[in-house]
Amino acid sequence: MDTKQDVVKREAPGAEVAALIPPVDVIEDEAGITVTVDLPGVVKENLTIRVDGDKLTIEAPISLGASHDMEPVYAEIRAAQYKRSFTLSRELDTAKIDAALKEGVLNLYVPKAEQAKPHRIEVKVG
Amino acid sequence: MRVLEELKQGLEEAWETVAEGWQRLRQQAAGAVIRFKSGEHDTMSEEGRADPSQRLGRWAILAGDVYEDENKILVRLEVPGLNKDDLHIEVRDDVLTVGGEKRFQRELTEGHYRLLQCAYGSFSRQLRLPVRVRAGGEAKATYRDGVLRIELQKDTDAQSRAINIQIS
C-alpha cells in the first residue's frame with residue numbers, strides 16, 4: 001500500500017518522484033463524507049482526483065511559482081508532488097464525488113449510496 | 001458505529017507514517033513546524049475540545065522559501081485555507097513575522113466518524129531575512145491558492161524599524 005511510506009516513490013521515466021503526503025480531515029454526516037486536503041500552491045488545472053474501484057487518489061505537482069530569475073536563500077519544500085490515496089468504504093457512492101479547490105484547500109464530498117443512508121420507516125397503525 | 005471503519009483504519013495507518021515523514025521534514029526545516037492554537041472563530045463544540053484526539057489546534061508545517069536578487073527579497077509561505085483578511089505581516093529589523101488564523105467552520109455531527117489532521121486556529125511564523133528591507137509602499141504581498149508571496153526591497157542604509165504590509 002502506497003500510504004505505508006512517508007515518501008511515496010513513483011516510477012517515472014528516468015527519475016523517481018518523491019511525494020509529500022498532505023494532511024486530511026474526514027468528516028462524516030448523515031448523507032456522506034467530506035474530505036478536506038491541504039494542498040497549498042495547487043491550481044485546479046494540475047490537480048488529479050482518481051477513483052479506481054474503491055481507491056481514491058489525489059495527486060498534484062508542487063509548483064514553486066515564478067522565481068527562476070531569483071537566487072534561493074533557503075527553501076523548505078523538497079518533494080515534487082503531493083500524493084495521497086485511501087480506500088473508500090463500499091457504502092460510499094464514488095460516482096457522485098463533488099470536488100472544490102479554494103485557497104489551496106481541496107474539499108471533496110462523497111455521498112453515501114442510497115441503501116446506506118438511514119431510512120425512516122413509517123409505521124401505520126391499522 | 002462501524003460505519004467507514006475500513007476507511008478510518010487505512011487513514012490512521014497512513015497518518016502514522018506521515019508523522020515519520022514530518023519528523024524528517026522537521027530536521028530539514030525546524031522553523032517551518034508551527035503550533036496552531038485554537039481560534040475564537042471556529043465552530044468546534046465544547047465536547048469536541050474535551051476529546052484530546054480531536055481537539056483543534058495542532059502542529060503543522062508552514063513551508064517557506066526565501067529568494068533574493070540584487071534589489072529584492074521574495075518570501076513564499078504556504079498557508080492554505082485562509083481569508084486574506086485573517087493574515088497579518090510585519091517586518092521588524094531583519095525578521096519577517098506572518099500571523100493568521102485558519103478557521104474551522106464545518107458542522108460536526110455527534111456520533112459520526114471524523115478524523116482531523118489539518119491544523120486550525122491561530123499561528124505565527126517568523127523568518128529571518130538575509131538583509132534588512134526598506135519600509136513604506138515598496139513592500140508588496142499577494143495571497144493566491146493558499147500561498148502567500150511577499151516582495152520586499154533591500155535596504156542599503158540599514159536602520160532599525162518596524163513596518164506593516166497590506167495584502168493586495
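Biologist: Among the contacts in chain A with a separation of 6 or more, what share comes from residues 24 or more positions apart?

Modeller: This is a predicted model, in which local features need pLDDT (the predictor's confidence in each residue, from 0 to 100) of at least 70, side-chain atom pairs count only at pLDDT 80 or more, and totals for chains, interfaces and linings use all residues. Residues are numbered from 1 along each chain as its sequence is written, while chains are lettered from A and ligands numbered from 1 in the order in which they are written. Two residues are in contact if their C-beta atoms, placed from the backbone, lie within 7 Å. For chain A, contacts with a separation of 6 or more owe to residues 24 or more positions apart a share of 52%.

Biologist: How many strands does chain A have?

Modeller: Helices (H or I, at least four residues) and strands (E, at least two) are DSSP runs, numbered from the N terminus. Chain A follows the pattern β-β-β-β-β-β-β-β-β-β along its sequence. With zero helices, its count of strands is 10.

Biologist: Which strands stand at the edges of the sheet E9(A)-E10(A)-E4(A)-E3(A)-E7(B)?

Modeller: Strands pair if DSSP finds at least two bridges between them, and here five strands form an open sheet with antiparallel pairing. An edge strand has a single partner strand, so one side of it is left without a neighbour in the sheet, and this applies to E9 of chain A together with strand E7 (114-116) of chain B.

Biologist: By what angle are neighbouring strands of this sheet turned against each other on average?

Modeller: The axes are lines fitted to C-alpha atoms, for helices over the stretch in contact, and angles run from 0 to 180 degrees between N-to-C directions. For neighbouring strands of the sheet in question, with direction ignored, the average is 15°.

Biologist: Within that sheet, which residue in the hairpin of E9(A) and E10(A) takes a positive phi?

Modeller: Strand E9 (residues 98-102) and strand E10 (residues 105-111) of chain A pair in the antiparallel sense over five bridges, and A:Lys102 has A:Val105 as its bridge partner in E10(A). The hairpin has two residues between the strands, and the positive phi, near 45°, belongs to A:Glu103.

Biologist: Which residue of E4(A) is the bridge partner of A:Val24?

Modeller: Strand E3 (residues 24-28) of chain A is joined to E4(A) by five bridges, and the two run antiparallel. For A:Val24, the bridge partner in E4(A) is A:Val37.

Biologist: Is A:Leu39 buried or exposed?

Modeller: A residue is buried if 20 or more other C-beta atoms lie within 10 Å of its own, exposed if 12 or fewer, and partly exposed in between, with C-beta atoms placed from the backbone. A:Leu39 lies in the loop between strand E4 (32-38) and strand E5 (48-52) of chain A, and, leaving aside neighbours within four places in sequence, its contacts include A:Pro22, A:Tyr82 and, from the other chain letter, B:Pro80. Because A:Leu39 has 25 C-beta neighbours inside 10 Å, A:Leu39 counts as buried.

Biologist: What distance separates the C-alpha atoms of A:Leu39 and A:Ala60?

Modeller: A:Ala60 belongs to the covered face of strand E6 (residues 55-61) of chain A, along with A:Leu56 and A:Ile58, and in E8(A) the bridge partner of A:Ala60 is A:Tyr82. A:Leu39 and A:Ala60 are 21 residues apart along the chain, and their C-alpha atoms are separated by 8.2 Å.

Biologist: Which residue in the turn between E5(A) and E6(A) has a positive phi?

Modeller: E5(A) and E6(A) run antiparallel and are joined by five bridges, with A:Thr48 standing opposite A:Glu59 in E6(A). They form a hairpin with two residues between them, and the positive phi, about 65°, is that of A:Gly53.

Biologist: Why does B:Ile61 count as buried?

Modeller: B:Ile61 is placed in strand E2 (residues 59-61) of chain B, and its C-alpha atom is 9.1 Å from that of B:Ala119, 58 residues apart along the chain. B:Ile61 counts as buried because its C-beta neighbours inside 10 Å number 22.

Biologist: Where in chain B is confidence highest?

Modeller: The mean pLDDT of chain B is 74, and 62% of its residues reach 70 or more. Over residues 45-53 of chain B pLDDT stays under 50, and the model has five contacts beyond four places in sequence for them. Confidence is lowest in helix H2 (residues 46-50) of chain B, at a mean of 47, and highest, at 93, in strand E9 (residues 140-144) of chain B.
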